[in-house]
Amino acid sequence: MNLGFSMFRTPLDVIRAWLATHRLADPMNIPRIVWPEDRRWCVVTPFQFSSTYVAGSADLIGKLLDQRDRIDVRVASLDDEL
């Protein structure tokens with residue numbers, strides 16, 4: 001099993017379109033880190049983990065937390081076990 005990774009530089013629209021068509025096709029081949037050029041936020045899905053971490057402004061995190069009725073979301077802490 002190859003545990004390496006590839007890095008691509010692409011517009012977010014390309015990632016959005018790719019995820020819309022490949023979401024279930026090959027879950028092992030999804031973007032693990034998405035970090036836009038302006039560095040305002042970051043999304044990380046560690047290899048072989050069932051969680052995705054989002055870092056960003058308090059406003060962004062607040063908007064995610066407001067969606068708790070639609071998605072499983074909570075604030076992570078430094079002592080969380082992976």
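Begin by selecting the open sheet of this predicted model, in which three strands lie in the order 1-2-3 with antiparallel pairing. Strands are DSSP runs of E with at least two residues, helices are runs of H or I with at least four residues, and both are numbered from the N terminus. Two strands pair if DSSP finds at least two bridges between them. The edges are strand 1 (33-34) and strand 3 (53-55), each pairing on one side only.

Next, select residues 42-44, which form strand 2; two bridges join strand 1 to this antiparallel neighbour. Val34 has Val43 in strand 2 as its bridge partner.

Proceed to Thr45, in the loop between strand 2 and strand 3. Is Thr45 buried or exposed? Thr45 has a relative accessible area of 12%, and is therefore buried (under 20%; exposed is over 50%, partly exposed in between, with a 1.4 Å probe and protein chains only). Now add Thr52: the side chains of Thr45 and Thr52 share a polar contact of 2.8 Å (a pair of N or O atoms within 3.5 Å, where within protein one must be able to donate a hydrogen and the other to accept it, and residues adjacent in sequence count only if both atoms are side-chain atoms).

Finally, display the whole protein chain, which has two helices and three strands. From the N terminus on, the elements run α-β-β-β-α. Buried residues make up 10% of the 82 residues.

Residues are numbered from 1 along each chain as its sequence is written, and side-chain values use heavy atoms, without hydrogens and water. Local features need pLDDT of at least 70 and side-chain atom pairs count only at pLDDT 80 or more, whereas totals for chains, interfaces and linings use all residues.
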